[in-house]
Amino acid sequence: VTIEPRNNITYAKTRLSFDLSNGRMVEQSLGTLVSEPADRKFLFSAFLGIARVLGSSYLLFADEVTFACMLDGRAIYNINSTHFYQLEIDGETTTKKRHKQEHRVISQMKKILSAGFYFSFDGDLTALRSAAAQGKTGDARFSWNTYLTGQLTAQSVDKAWIVSLIQVFFSHPT
């Protein structure tokens, strides 16, 4: 499975390929040709991580996003819709009953994620303004997807792939 950023939102300079036999991720240059079947190649607005749902692994994407505003020089985006892609990693099996349960959980997660979730490619939104001004990093306690991006961090994937997702009520004067 190969994922790469949409052209209209460019922040990652690589694509990620997942080896389904062992769950490992490999970064490749966007200039490299990929011979992946069309149903296993994804374009997305933001990659949110790898979710485990009732024992199955899913790639979680922000599919459609809208620009919300600029804040302290950062472009802030709102998630409108998400996409879950099931990774059929060797050894994972799904029964018909469990698949139905997974579908219900994913439907609820999609509903939740389409209401008030924001991120920025330009910096961690969990960093307080004063802390960010001092060059300090964000606070993982306020990032909704810290656990989901753990495998990316553990496999030393470029930080451009990792966005901190926050849920807030957001209002900006026009």
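Where in the protein is confidence lowest, and where is it highest? This is a predicted model, and its confidence bottoms out in helix 2 (residues 129–133), at a mean of 58, while strand 8 comes out highest, at 90. Across the whole protein the mean pLDDT is 77, with 75% of residues reaching 70 or more.

**The overall layout**

The secondary structure adds up to three helices and nine strands. Read from the N terminus, the order is β-β-β-β-β-β-β-α-β-α-α-β. Of the 174 residues in the protein, 41% are buried. If you take the contacts between residues at least 6 apart in sequence, 63% of them join residues at least 24 apart.

**The sheet**

Five strands make up an open, antiparallel sheet, ordered 5-6-7-8-9. Strand 5 and strand 9 sit at the edges with a single partner strand each, so one side of each has no neighbour in the sheet. Helix 1 packs on this sheet and touches strand 5, strand 6, strand 7 and strand 8, and its direction makes about 175 degrees with that of strand 7.

How covered is strand 5? Mostly: seven of its eight residues are buried. Strand 5 is joined to strand 6 by seven bridges, and the two run antiparallel. Arg52, for instance, has Ser57 in strand 6 as its bridge partner. The hairpin these two strands form has two residues between the strands, and in it Leu54 takes a positive phi near 50 degrees.

**Helix 1**

Start with its length. Helix 1 (residues 96–113) has 18 residues and should span 26 Å at 1.5 Å a residue; its end C-alpha atoms are indeed 26 Å apart, which agrees.

Now for its two faces. Which residues of helix 1 are buried? They are Glu102, Ile106, Met109 and Leu113. These residues cover an arc of only 60 degrees around the axis, which puts them on the same side of helix 1. The spacing fits a general rule: an α-helix has 3.6 residues a turn, so residues three or four places apart point the same way. The buried residues of helix 1 pack against strand 5 (46–53), strand 6 (56–71), strand 7 (74–87) and strand 8 (117–119). On the face turned away from that buried side you'll find the exposed residues Lys96, Lys97, Lys100, His103, Arg104 and Lys111.

**Two residues to look at**

Here are two residues, one from a strand and one from a loop.

| Residue | Relative accessibility | Class |
|---|---|---|
| Asn78 | 17% | buried |
| Ser156 | 61% | exposed |

Asn78 lies in strand 7. Asn78 counts as buried because its relative accessibility, 17%, is under the 20% cut-off. Leaving out residues up to four places away in sequence, Asn78 touches Glu64, Val65, Thr66, Gly116, Phe117 and Tyr118.

Ser156 is in the loop between helix 3 (150–154) and strand 9 (166–167). Is Ser156 buried or exposed? Ser156 counts as exposed because its relative accessibility is 61%, and the cut-off for exposed is over 50%. Ser156 and Met25 are 131 residues apart along the chain, yet their C-alpha atoms are separated by 9.5 Å.

Technical notes. Residues are numbered from 1 along each chain as its sequence is written. This is a predicted model: local features need pLDDT of at least 70, side-chain atom pairs count only at pLDDT 80 or more; totals for chains, interfaces and linings use all residues. Side-chain values use heavy atoms; hydrogens and water are left out. Helices (H or I, at least four residues) and strands (E, at least two) are DSSP runs, numbered from the N terminus. Buried means under 20% relative accessible area, exposed over 50%, partly exposed in between (1.4 Å probe, protein chains only). The expected span of a helix is 1.5 Å times one less than its number of residues. The arc is that of the directions from the helix axis to the C-beta atoms. Contact means heavy atoms within 4.5 Å. Two strands pair if DSSP finds at least two bridges between them. Axes are lines fitted to C-alpha atoms, for helices over the stretch in contact, and angles run from 0 to 180 degrees between N-to-C directions. pLDDT is the predictor's confidence in each residue, from 0 to 100.
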